[in-house]
Amino acid sequence: MKEQAILQRYFLAIIPPEPIFSEVHQLKVYLKEKYNTKTALNSPPHITLHMPFLWKERKETMLIEKLEAFAELQASFEIILNNFNAFAPRVIYADVAANSHLVTFQKQLERFCKINFQLFNANRLDQPFHPHLTLAFRDLKKDVFELAWQEFSSKHYSATWQVESIFILKHNGSIWEKYKQVGLKKTIH
(Lines give C-alpha, C1' and ligand atoms only; values in the text may rest on other atoms or scores of the structure.)
Protein backbone atom coordinates (compact mmCIF):
# COMPACT_ATOMS: atom_id res chain seq x y z
CA MET A 1 0.00 0.00 0.00
CA LYS A 2 1.37 3.40 -1.01
CA GLU A 3 2.17 5.83 1.82
CA GLN A 4 -0.23 8.77 1.88
CA ALA A 5 1.56 12.15 1.70
CA ILE A 6 0.53 14.39 4.58
CA LEU A 7 0.21 18.02 3.53
CA GLN A 8 0.77 20.74 6.08
CA ARG A 9 0.26 24.50 5.85
CA TYR A 10 3.29 26.80 6.08
CA PHE A 11 4.22 30.39 5.31
CA LEU A 12 7.38 32.49 5.41
CA ALA A 13 7.66 35.64 7.48
CA ILE A 14 9.80 38.11 9.37
CA ILE A 15 9.05 38.12 13.10
CA PRO A 16 10.21 41.11 15.17
CA PRO A 17 12.44 40.55 18.21
CA GLU A 18 11.58 41.52 21.76
CA PRO A 19 10.39 43.97 22.97
CA ILE A 20 8.71 44.81 19.64
CA PHE A 21 7.15 41.33 19.44
CA SER A 22 5.39 41.81 22.81
CA GLU A 23 4.39 45.40 22.05
CA VAL A 24 2.66 44.39 18.80
CA HIS A 25 1.10 41.33 20.46
CA GLN A 26 -0.32 43.58 23.20
CA LEU A 27 -1.89 45.82 20.53
CA LYS A 28 -3.64 42.73 19.11
CA VAL A 29 -4.87 41.81 22.60
CA TYR A 30 -6.10 45.38 23.14
CA LEU A 31 -8.07 45.27 19.86
CA LYS A 32 -9.57 41.92 20.87
CA GLU A 33 -10.67 43.23 24.25
CA LYS A 34 -12.01 46.59 23.05
CA TYR A 35 -13.28 45.77 19.53
CA ASN A 36 -13.96 42.02 19.69
CA THR A 37 -11.51 41.06 16.92
CA LYS A 38 -9.32 38.06 17.67
CA THR A 39 -8.32 36.42 14.35
CA ALA A 40 -4.99 38.30 14.25
CA LEU A 41 -4.05 36.49 17.46
CA ASN A 42 -3.93 33.21 15.50
CA SER A 43 -0.39 34.03 14.40
CA PRO A 44 2.61 35.73 16.00
CA PRO A 45 3.30 39.35 14.99
CA HIS A 46 4.92 39.13 11.56
CA ILE A 47 5.54 40.55 8.10
CA THR A 48 4.43 37.99 5.52
CA LEU A 49 7.09 37.25 2.89
CA HIS A 50 5.33 34.31 1.23
CA MET A 51 1.64 33.55 1.60
CA PRO A 52 0.51 30.22 3.13
CA PHE A 53 1.18 27.15 1.05
CA LEU A 54 0.72 23.39 1.32
CA TRP A 55 3.86 21.24 1.59
CA LYS A 56 4.44 17.53 2.16
CA GLU A 57 5.47 17.11 5.77
CA ARG A 58 7.99 14.41 4.86
CA LYS A 59 9.80 17.01 2.69
CA GLU A 60 10.21 19.57 5.49
CA THR A 61 13.95 18.90 5.80
CA MET A 62 14.50 19.72 2.13
CA LEU A 63 12.42 22.90 2.45
CA ILE A 64 14.47 24.02 5.48
CA GLU A 65 17.84 23.15 3.95
CA LYS A 66 17.16 25.02 0.72
CA LEU A 67 15.83 28.06 2.60
CA GLU A 68 18.95 28.01 4.78
CA ALA A 69 21.14 27.96 1.65
CA PHE A 70 19.17 30.92 0.26
CA ALA A 71 19.37 32.85 3.55
CA GLU A 72 23.14 32.38 3.86
CA LEU A 73 23.52 34.56 0.77
CA GLN A 74 21.29 37.36 2.08
CA ALA A 75 22.51 40.33 4.10
CA SER A 76 20.59 41.50 7.15
CA PHE A 77 18.66 44.76 6.83
CA GLU A 78 16.72 47.24 8.94
CA ILE A 79 12.94 47.47 9.41
CA ILE A 80 11.27 50.62 10.70
CA LEU A 81 7.68 50.59 11.97
CA ASN A 82 6.02 53.96 11.72
CA ASN A 83 2.53 54.42 13.21
CA PHE A 84 -0.56 52.61 11.90
CA ASN A 85 -2.46 52.26 8.67
CA ALA A 86 -5.46 50.38 7.33
CA PHE A 87 -6.95 48.46 4.45
CA ALA A 88 -10.53 49.59 4.94
CA PRO A 89 -13.00 48.24 5.92
CA ARG A 90 -11.45 45.34 7.86
CA VAL A 91 -7.67 45.57 8.42
CA ILE A 92 -5.63 47.71 10.82
CA TYR A 93 -1.87 47.26 10.95
CA ALA A 94 1.45 48.60 12.20
CA ASP A 95 2.94 50.28 9.13
CA VAL A 96 6.38 49.38 7.78
CA ALA A 97 8.27 52.38 6.42
CA ALA A 98 9.24 52.18 2.73
CA ASN A 99 12.27 49.93 2.46
CA SER A 100 13.99 48.97 -0.80
CA HIS A 101 16.08 46.26 0.94
CA LEU A 102 12.94 44.53 2.20
CA VAL A 103 11.20 44.75 -1.18
CA THR A 104 14.26 43.33 -2.99
CA PHE A 105 14.64 40.57 -0.40
CA GLN A 106 10.97 39.58 -0.72
CA LYS A 107 11.15 39.48 -4.53
CA GLN A 108 14.28 37.34 -4.42
CA LEU A 109 12.66 34.97 -1.90
CA GLU A 110 9.48 34.76 -3.96
CA ARG A 111 11.50 33.94 -7.09
CA PHE A 112 13.57 31.38 -5.17
CA CYS A 113 10.41 29.65 -3.92
CA LYS A 114 8.90 29.61 -7.40
CA ILE A 115 12.04 28.05 -8.96
CA ASN A 116 13.01 25.64 -6.16
CA PHE A 117 9.64 24.61 -4.72
CA GLN A 118 7.12 25.47 -7.46
CA LEU A 119 5.39 27.71 -4.93
CA PHE A 120 3.51 30.72 -6.21
CA ASN A 121 2.45 33.71 -4.13
CA ALA A 122 -1.11 33.66 -5.48
CA ASN A 123 -2.32 37.00 -4.13
CA ARG A 124 0.64 38.88 -5.61
CA LEU A 125 -1.09 38.72 -9.01
CA ASP A 126 -3.62 41.34 -7.97
CA GLN A 127 -1.82 43.09 -5.08
CA PRO A 128 1.79 44.27 -4.85
CA PHE A 129 3.89 43.43 -1.78
CA HIS A 130 2.79 45.79 1.01
CA PRO A 131 4.77 44.92 4.16
CA HIS A 132 2.89 45.40 7.43
CA LEU A 133 2.15 43.77 10.80
CA THR A 134 -1.56 42.98 11.01
CA LEU A 135 -3.29 43.92 14.27
CA ALA A 136 -6.91 43.23 13.25
CA PHE A 137 -8.50 41.78 10.13
CA ARG A 138 -11.13 39.32 8.86
CA ASP A 139 -13.37 39.32 11.98
CA LEU A 140 -13.23 43.09 12.54
CA LYS A 141 -16.81 44.14 11.80
CA LYS A 142 -17.19 46.94 9.27
CA ASP A 143 -19.09 49.23 11.65
CA VAL A 144 -16.55 48.60 14.43
CA PHE A 145 -13.65 49.19 12.01
CA GLU A 146 -14.57 52.89 11.84
CA LEU A 147 -14.32 53.26 15.63
CA ALA A 148 -11.08 51.29 15.88
CA TRP A 149 -9.51 53.13 12.96
CA GLN A 150 -10.55 56.49 14.39
CA GLU A 151 -8.58 55.56 17.53
CA PHE A 152 -5.54 54.01 15.80
CA SER A 153 -5.20 56.62 13.03
CA SER A 154 -4.17 59.17 15.65
CA LYS A 155 -1.91 56.86 17.71
CA HIS A 156 1.85 57.10 17.37
CA TYR A 157 4.13 54.08 17.36
CA SER A 158 7.65 53.55 16.12
CA ALA A 159 10.17 50.75 16.38
CA THR A 160 13.29 49.69 14.54
CA TRP A 161 15.13 46.40 14.32
CA GLN A 162 17.75 44.61 12.27
CA VAL A 163 16.33 41.60 10.42
CA GLU A 164 18.77 38.77 10.97
CA SER A 165 16.47 35.84 10.25
CA ILE A 166 13.22 34.74 8.68
CA PHE A 167 10.79 32.16 9.99
CA ILE A 168 8.93 29.20 8.62
CA LEU A 169 5.55 29.18 10.34
CA LYS A 170 3.47 26.01 10.48
CA HIS A 171 -0.23 25.67 11.17
CA ASN A 172 -1.00 23.29 14.05
CA GLY A 173 -4.68 22.88 13.14
CA SER A 174 -5.74 25.89 15.25
CA ILE A 175 -3.07 28.59 15.04
CA TRP A 176 0.18 29.46 13.25
CA GLU A 177 3.34 28.73 15.23
CA LYS A 178 6.99 29.58 14.74
CA TYR A 179 8.39 26.36 13.30
CA LYS A 180 11.94 27.07 12.16
CA GLN A 181 14.14 30.16 12.32
CA VAL A 182 16.48 30.60 9.34
CA GLY A 183 19.40 33.02 9.86
CA LEU A 184 20.56 35.55 7.29
CA LYS A 185 24.21 36.27 6.57
CA LYS A 186 25.40 38.93 8.99
CA THR A 187 26.25 42.36 7.63
CA ILE A 188 29.88 43.33 8.16
CA HIS A 189 30.12 46.80 9.76
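In the predicted model, the buried residues of helix α1 pack against strands β3 (77-87), β5 (132-136), β6 (158-163) and β8 (176-183) and against helix α4 (142-152). The residues of α1 that are buried are I20, F21, V24, L27, K28, V29, L31 and Y35. Helix α1 itself comprises 16 residues, from 20 to 35. Its span from the first C-alpha to the last is 22 Å, close to the 22 Å expected at 1.5 Å a residue. The helix is followed by N36, which has a positive phi, near 55 degrees.

The loop between α1 and β2 contains T39. T39 counts as buried because its relative accessibility is 16%, below the 20% cut-off for that class. When neighbours within four places in sequence are left aside, the contacts of T39 are with F137, R138 and D139.

Strand β1 (residues 7-14) is mostly covered, with 6 of its 8 residues buried. Strand β1 pairs with β2 (residues 47-56) in the antiparallel sense, over 7 bridges. In this pairing A13 of β1 stands opposite T48 of β2. Strand β1 is also joined to β7 (residues 165-171), again with the two strands running antiparallel, here through 4 bridges. Two residue pairs illustrate the β1-β7 register: L12 stands opposite I168, and the bridge partner of A13 in β7 is F167. A13 thus has a partner in β2, T48, and another in β7, F167.

Strand β7 is largely enclosed by the rest of the structure, because 7 of its 7 residues are buried. S165, F167, L169 and H171 point one way from the strand, whereas I166, I168 and K170 point the other way. The residues of both sets are buried. Besides its bridges to β1, strand β7 is joined to β8 by 7 bridges, and these two strands also run antiparallel. Within the β7-β8 pairing, K170 stands opposite E177 of β8. Strands β7 and β8 form a hairpin with 4 residues between them. In the turn of this hairpin, G173 has a positive phi of about 100 degrees.

The second largest pocket has a volume of about 200 Å³. Its lining consists of 14 residues, and those nearest the pocket centre are I15, P16, P17, S165 and Q181. S165 is one of the buried residues of β7. Strands β6, β7 and β8 each contribute at least two residues to the lining. The largest share, 3 residues, is supplied by β6. Classified by residue type, the lining has 8 nonpolar, 3 polar and 3 charged residues.

The loop between α4 and β6 includes K155. With a relative accessibility of 30%, K155 counts as partly exposed, since this class lies between the 20% limit for buried residues and the 50% limit for exposed ones. Apart from neighbours within four places in sequence, K155 is in contact with N83 and F84. K155 and F84 are separated by 71 residues in sequence, while their C-alpha atoms are 7.3 Å apart in space.

Technical notes:
Residues are numbered from 1 along each chain as its sequence is written. This is a predicted model: local features need pLDDT of at least 70, side-chain atom pairs count only at pLDDT 80 or more; totals for chains, interfaces and linings use all residues. Side-chain values use heavy atoms; hydrogens and water are left out. The expected span of a helix is 1.5 Å times one less than its number of residues. Buried means under 20% relative accessible area, exposed over 50%, partly exposed in between (1.4 Å probe, protein chains only). Contact means heavy atoms within 4.5 Å. Two strands pair if DSSP finds at least two bridges between them. On a 1 Å grid over the protein atoms alone, a cavity is a set of points where a 1.4 Å probe fits but cannot get out, and a pocket is an open set with protein on both sides within 12 Å along at least five of seven lines; lining residues have an atom within 4 Å of a point. Grid points are joined across faces, edges and corners, and a volume is the space filled by probe spheres set on the points. Ala, Val, Leu, Ile, Met, Phe, Trp, Tyr, Cys and Pro count as nonpolar, Asp, Glu, Lys and Arg as charged, and the others, Gly among them, as polar.
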